[in-house]
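Okay, thanks everyone for coming. I'd like to spend a few minutes on aromatic rings and strand pairing, so let's bring the structure up.

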Amino acid sequence: MLRPFSPLLPLLAALLFLAPSAAHAADEDFEAWFNPVFVVDLDEDTYVKLETAQRLRSAGRGREDTYFFRLWAWRKLGDGMRVGGAIERRINDGKRDEIRAMQQVQSALGILRVRMRLEERFAQGAGARMGLRLRSRAGLAIPLDRAENWHLMADAESFITLRNSFPPGDIGKTALRTQVYLAHRVNERLSVRLGYLRHQEIEPAEPDEVGHAPILGFYLTL
């Protein structure tokens, strides 16, 4: 049924978008990220997910805290593939808050993990319009024990802006995010993740903004 949608196809597409960014001077800072996620199974192939995040930054350096609440609906297609859609409310700084809609396809092939996401971004603020962004991620999930309750995971994600929310704005590759973390399945309902994340905002005319963050997440199936 899914032969035309081989997991190799999104993998190749993801790698195409993940070419390294050109070197830039960078304005670097530390952050702390928390990522609680709650999942409810509707049947063996369908589930909904409430994903939240709290990104604590340095307001004194012009980097306001960010919070989002994202409601997903997911469908398993077989062969390690899933498709989903979401609506998100994002609080950036009270001035450029956003509503986002997104569609995503992801797949797993052995230890490989890939995903492609399209986002429609509806930002607040004078001169705002609907923005479009493509996010492509490729990574690895390496089991560390025979029961596969522990995994070492790493990935890289490229952000491609197709239409800026605030014209003229930057178009093209505008950010690169990399992370490495340890994931542990505590039981059938609870998993936790602890790791390090680096997020680079690519600024053609000025130093890139780079955030370094410990990231703590948990996934709870209700």
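**Rings and strands**

Let me start with a ring near the surface question: F38 is partly exposed, at a relative accessible area of 28%. F218 is also partly exposed, with 29% relative accessibility. Before I go on, keep in mind that this is a predicted model.

So how many aromatic pairs do we get here? The count comes to 3. F38 and F218 make one of them, and that pair is edge-to-face, with 5.8 Å centre to centre and 85° between the planes. Now, where do these two sit? F38 is in strand β2, residues 32–41, while F218 belongs to strand β12, residues 208–221, so the pair ties together parts of the chain that are 180 residues apart in sequence.

Next one: Y47 and W74. Is this pair stacked or edge-to-face? Stacked: 6.4 Å between the centres and 15° between the planes. The cut-off for pairing is 6.5 Å, because that is how far apart the centres may lie under this rule. Y47 comes from strand β3, residues 46–56, and W74 from strand β4, residues 66–78, so this pair links parts that are 27 residues apart in sequence. And buried or exposed, these two? Both Y47 and W74 are buried. There's a cluster here as well, made up of Y47, W72 and W74.

Okay, on to charges over rings. R70 lies over the face of F68, 4.0 Å from the ring centre. There's also R96, which lies over the face of F166, at 3.9 Å from the ring centre.

R70 gives us a nice way into the strand pairing, since we can ask what it stands opposite in β5. That's E88. β4 pairs with strand β5, residues 81–91, in the antiparallel sense, over 11 bridges. β4 and β5 form a hairpin, with 2 residues between them. If you click on the turn, look at D79, which has a positive phi of about 55°.

Carry on from β5 and you get to strand β6, residues 98–109. That pairing is antiparallel too, and it runs over 10 bridges. Here I87 stands opposite A101 in β6. While you're rotating the view, remember that in a regular strand the side chains alternate between the two faces of the sheet.

To recap, then: F38 with F218 is the edge-to-face pair I showed, Y47 with W74 is the stacked one, and β5 pairs with β4 and with β6. That's it from me, happy to take questions.

Terms used:
Residues numbered from 1 in each chain as written. Predicted model: local features only at pLDDT ≥ 70, side-chain atom pairs only at ≥ 80, totals over all residues. Heavy atoms only, no water. Phe/Tyr/Trp six-rings, centres within 6.5 Å; stacked < 30°, edge-to-face > 60°. Helix = DSSP H or I, 4+ residues; strand = E, 2+ residues; numbered from the N terminus. Buried < 20%, exposed > 50% of the residue type's maximum accessible area, 1.4 Å probe, protein only. Lys NZ or Arg CZ within 6 Å of the ring centre and 35° of its normal. Pairing = 2+ DSSP bridges.
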